[in-house]
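This briefing introduces a protein structure to a reader who has not met it before. Please consult the sequence and the model while reading the points below.

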Amino acid sequence: MEPGNCRMNGGGGLDGIGGGGGDSSYGMITLEDLDSFSEDQLSDSGTGSLEEEGETIEDEEQQDRLLRYWQDAARGHQVEVPRDMAEPIQQITSNNNGQHDRERVPFTLITRKEKCGDVLYEKRHYEKAHWACITVHEDTYEQSICYGFMKLMRYICQQNSSGSYLGMTIPILTVIRTDENHSVLSRDVTVAYYLPTEYQVQPPLPSDTEISIEEWPSTIVYTRSFTGATNEVTIINEISTMAEMLDSPATHVNDSFIVAGYTNPAVANRQNEIWFLERP
């Protein structure tokens, strides 16, 4: 897949529904939406009497329908989904016949700062763990996370040494870097996928040489939730807001931060967190 085939632009196309054309009824798309779509509209006959050729044709038709569904939804957010994503999309949507849950990255909550009943931020401890990572250098942050996410989907679905679907985990992380004034994002963006617990000891190797398996050390994270599109402007604003809330920002603020995404990059009202890592 060429980077230019995966395009996500900032601005109005990400702020509303149907901004880039297509059927506005699709609007937003999440993995949960796709589960429902698969169960309600893509179920097979269940008779077990199909010939192998017929099963192949049906499988291809299901892939086409799912691909069109993703493309229609993504188009409203200025995202193009290439044809070669049909199989990974189908595998993630079917959730491997229910054999995998969407595992959340485990952590221990240390403390939570609140004001007038609202959570300002949480302090968490994350254990060391293996992550599949890819660093992307597209023209915009949105293009980079889109391209990186698509590549990781392929690894998750089948392009790995086990040859099997690994299962989705959340959140998907993007490591971002800024200038010393925290006003400009670097073009280098690292997108990271947490390996499910069953693969932590011996992670399947990626077929794609751009993806690497890294063991991240245990760390203390200060995290704040926010909703909406993630682009250069919103991320810089979230970094500034979080820094103002911390009691000792100098302890946590450097030139690297993490955006944790709980829904895929095509969603307008994404569920996100900004993470500050405590310095050793």
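The following points cover strand pairing, one buried residue and the salt bridges. The model is a predicted one.

**Strand 10 and its partners**
- Strand 10 spans residues 256-261, and 5 of its 6 residues are buried.
- Strand 6 (residues 172-177) pairs with strand 10 in the antiparallel sense over 6 bridges; within this pairing, Leu-173 has Ala-260 as its bridge partner.
- Strand 11 (residues 271-277) also runs antiparallel to strand 10, joined to it by 4 bridges, and Gly-261 stands opposite Asn-272 of strand 11.

**Thr-223**
- Thr-223 belongs to strand 9 (residues 219-227) and counts as buried because its relative accessibility is 3%, under the 20% limit.
- The side chain of Thr-223 makes a polar contact with the side chain of Trp-275 at 3.1 Å.
- Among the residues that Thr-223 touches are Glu-122, Arg-124 and Glu-273.

**Salt bridges**
- The whole structure holds 8 salt bridges.
- Arg-83 and Asp-64 form a salt bridge, with their closest N and O atoms 2.5 Å apart. Arg-83 lies in the loop between helix 3 (52-75) and helix 4 (86-98) and Asp-64 lies in helix 3, so the pair ties together parts 19 residues apart in sequence.
- Arg-124 forms a salt bridge with Glu-273, the closest N and O atoms being 2.9 Å apart. Since Arg-124 is in strand 3 and Glu-273 in strand 11, this pair ties together parts 149 residues apart in sequence.
- Arg-124 is buried at 6% relative accessible area, and Glu-273 is buried at 6% relative accessibility.
- A network of salt bridges links Arg-112, Glu-122, Arg-124 and Glu-273.

Notes: Residues are numbered from 1 along each chain as its sequence is written. This is a predicted model: local features need pLDDT of at least 70, side-chain atom pairs count only at pLDDT 80 or more; totals for chains, interfaces and linings use all residues. Side-chain values use heavy atoms; hydrogens and water are left out. Buried means under 20% relative accessible area, exposed over 50%, partly exposed in between (1.4 Å probe, protein chains only). Helices (H or I, at least four residues) and strands (E, at least two) are DSSP runs, numbered from the N terminus. Two strands pair if DSSP finds at least two bridges between them. A polar contact is a pair of N or O atoms within 3.5 Å; within protein, one must be able to donate a hydrogen and the other to accept it, and residues adjacent in sequence count only if both atoms are side-chain atoms. Contact means heavy atoms within 4.5 Å. A salt bridge is a side-chain nitrogen of Lys or Arg within 4 Å of a carboxyl oxygen of Asp or Glu. Lists of a residue's contacts leave out its neighbours within four places in sequence.
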